[in-house]
Amino acid sequence: MTHETLDPDDWEAFRTLGHRMLDDMLDHLVSLDERPAWQAMPDHVSASFDEPLPLDPEGAEAAYRAFRDRVLPFSNGNLHPRFWGWVQGNGTPLGMMADMLASGLNPHMAGFNQAPAAVEHQVLRWLTELVGLPPVATGVLTGGGTMANILGLAVARNTGVGYDVRRLGVNPAGHRGAVVYTSSETHSWIEKGVELLGLGSESLRRIPVDPAYRIDVARLTRAITDDRAAGLRPMCIVGSAGTVNTGAIDDLPALADLARKEKLWFHVDGAFGALARLSPSLAPLVEGIERADSVALDLHKWIYLPFEVGAVLVRDAEAHRNTFAVTPAYLAQEARGVAAGGMPFADRGVELTRSFRALKVWMSFKAHGLNQFSRLIEQNVDHARRLAALMAADPAFELLAPVSLNIVCFRLVPAGVDHARLNELNRELLLRIQESGLAVPSGTELAGRFALRVAITNHRSRWEDFVAFLDGTKQIGARLLEESR
Ligand SMILES: Cc1ncc(COP(=O)(O)O)c(C=O)c1O
């Protein structure tokens with residue numbers, strides 16, 4: 001009888017290879033600032049990924065060499081101290097090791113009677129406390145903010161449409177259309193959400209924002225009244241604690257009041273902003289989040305953990321469970337044995353098989369302590385404010401939005417360049433900054449103006465990085481202007 005397994009034939013050789021992988025990765029992390037913030041893949045590297053199906057073994061050594069030579073140097077750059085694009089965290093060395101332990105142990109995280117499930121329950125209790133929801137709230141860790149928000153919206157829908165949507169499907173004949181309200185600045189997960197949940201994009205009211213990019217509450221109130229008058233069914237208000245574009249924080253207490261008065265579900269997208277609650281000086285900015293019916297947050301953003309880990313928390317545990325729970329006989333909870341823990345996490349979201357992403361949260365909270373995360377968040381906000389102050393004082397730059405948290409939106413404004421050309425110039429400036437390896441900001445548009453966007457969820461950035469960025473940006477901008485003259 002032949003026997004096949006994926007365990008190594010030679011455990012000692014594999015151990016040596018494993019240690020080398022770890023050493024190489026640590027070397028990479030230790031030397032980040034000796035390398036460009038980002039570099040494009042050379043053509044021969046991109047072409048090398050057009051390989052035939054590998055039917056026969058190359059061996060672990062060769063597979064690892066392929067990673068080391070062709071993948072490791074050409075990532076998107078977010079490990080780097082001068083990466084401030086989109087809203088991405090860096091990852092942490094401890095988080096990386098915890099992910100290895102989680103994969104090594106490889107527990108099935110639907111639930112079950114096991115210590116890993118106790119770890120996730122513990123993490124969720126911590127997050128509930130951190131956000132300020134009552135201890136009876138339930139949650140589940142997710143692959144990120146998009147999934148966390150959509151799960152929250154699903155509970156809002158099932159609670160708010162006014163009929164048994166699980167049985168009948170969405171908008172059966174005779175029922176009034178449900179409406180979701182949010183600002184024009186809410187992240188695009190919400191389009192995916194209303195479409196996936198069968199509400200349709202026409203059910204979404206994107207309410208305009210004030211000059212600080214916060215939802216206009218008076219217009220929101222009018223929209224709800226108008227929709228009721230038109231026979232529709234207002235269902236949910238989605239507020240942002242930190243919008244993706246500018247970091248703006250909606251007036252959460254006002255939204256909570258309005259939701260209560262109108263009997264609507266109040267969901268808060270706190271993907272990164274919810275974590276500001278960790279800092280005593282920043283927490284007042286997100287006051288009102290603790291009044292939400294559901295909150296989404298991302299630990300791979302402002303807790304800097306390796307991708308992916310987000311969380312949704314729901315105040316009403318029963319509403320949460322009633323949205324997702326299904327219990328076929330083969331998943332039934334038993335009085336004793338492995339299934340004694342039930343499948344609580346499967347019952348709070350759409351995934352059944354889930355990874356042990358809770359481990360990196362649990363170990364990181366314990367190892368670093370939340371006070372260190374609080375200081376890091378304050379450091380990021382302080383850098384954003386200082387960068388904005390320097391730009392505000394420099395006629396070469398224009399700030400395009402107030403800096404409420406950790407995001408600075410700006411453009412270069414050389415004299416005598418018209419509006420259309422400014423957009424073109426700044427877009428080119430952004431690409432050249434990235435391609436030069438100096439830093440990775442990203443771009444957006446604010447009121448028709450192209451903005452370079454520095455979003456700081458980076459535990460490696462030092463003030464010197466921003467000084468170098470400012471100087472380098474001016475130099476690249478000057479060269480660009482030279483060329484265009
Ligand atoms: C405010 C906000 N909400 C939601 C998301 C989506 O989160 P994720 O990318 O983790 O799915 C982001 C991502 O940047 C965000 O900034």
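## Buried rings

A residue counts as buried when its relative accessible area is under 20%, and F469 is therefore buried, with a relative accessible area of 0%. This value, like those that follow, comes from a predicted model. W84 also has a relative accessible area of 0% and is likewise buried.

The structure holds 10 aromatic pairs. In one of them, the ring centres of W84 and F469 lie 5.3 Å apart and the planes meet at 75°, so this pair is edge-to-face. W84 sits in the loop between α3 and α4 (93–105), while F469 belongs to helix α15 (residues 463–484), and the pair thus links distant parts of the chain, 385 residues apart.

F397 and F410 form an aromatic pair that is edge-to-face, with 5.6 Å from centre to centre and 80° between the planes. Since F397 is in strand β8 and F410 in strand β9, the pair ties together parts that are 13 residues apart in sequence. Both F397 and F410 are buried. Through ring pairs, W84, F397, F410, W463, F466 and F469 are linked into a cluster.

## The four-stranded sheet

The strands that carry F397 and F410 belong to an open sheet of four strands, whose order is β8-β9-β11-β10 and whose pairing is antiparallel. At its edges are β8 (397–399) and β10 (442–446), each of which pairs on one side only. On average, and with direction ignored, neighbouring strands of this sheet are turned by 40° against each other.

Strand β8 is joined by three bridges to β9 (residues 407–412), and these two strands run antiparallel. Within this pairing, L399 stands opposite F410 in β9.

## Helices on the sheet

Helix α13 (residues 370–392) packs on the sheet, where it touches β8, β9 and β11 (449–455), and its direction makes about 25° with that of β9. Helix α14 (residues 419–436) packs on the sheet as well, touching β9, β10 and β11, with its direction at about 30° to that of β11.

## A helix pair: α1 and α3

Elsewhere in the chain, helix α1 (residues 11–30) and helix α3 (residues 60–71) pack at an angle of about 5°, with their axes 11 Å apart. Angles under 35 degrees count as roughly parallel, and α1 and α3 are therefore roughly parallel to each other.

On the α1 side of the contact are L17, R20, M21 and D24, which meet A60, E61, Y64 and R68 in α3. The residues of this contact divide into four nonpolar and four charged, with no polar ones.

Definitions and conventions:
Residues are numbered from 1 along each chain as its sequence is written. This is a predicted model: local features need pLDDT of at least 70, side-chain atom pairs count only at pLDDT 80 or more; totals for chains, interfaces and linings use all residues. Side-chain values use heavy atoms; hydrogens and water are left out. Two strands pair if DSSP finds at least two bridges between them. Axes are lines fitted to C-alpha atoms, for helices over the stretch in contact, and angles run from 0 to 180 degrees between N-to-C directions. Contact means heavy atoms within 4.5 Å. Angles under 35 degrees count as roughly parallel, over 145 as roughly antiparallel, 65 to 115 as roughly perpendicular and the rest as oblique. Ala, Val, Leu, Ile, Met, Phe, Trp, Tyr, Cys and Pro count as nonpolar, Asp, Glu, Lys and Arg as charged, and the others, Gly among them, as polar. Rings of Phe, Tyr and Trp (its six-membered ring) pair if their centres lie within 6.5 Å; planes under 30 degrees apart count as stacked, over 60 as edge-to-face and the rest as tilted. Buried means under 20% relative accessible area, exposed over 50%, partly exposed in between (1.4 Å probe, protein chains only).
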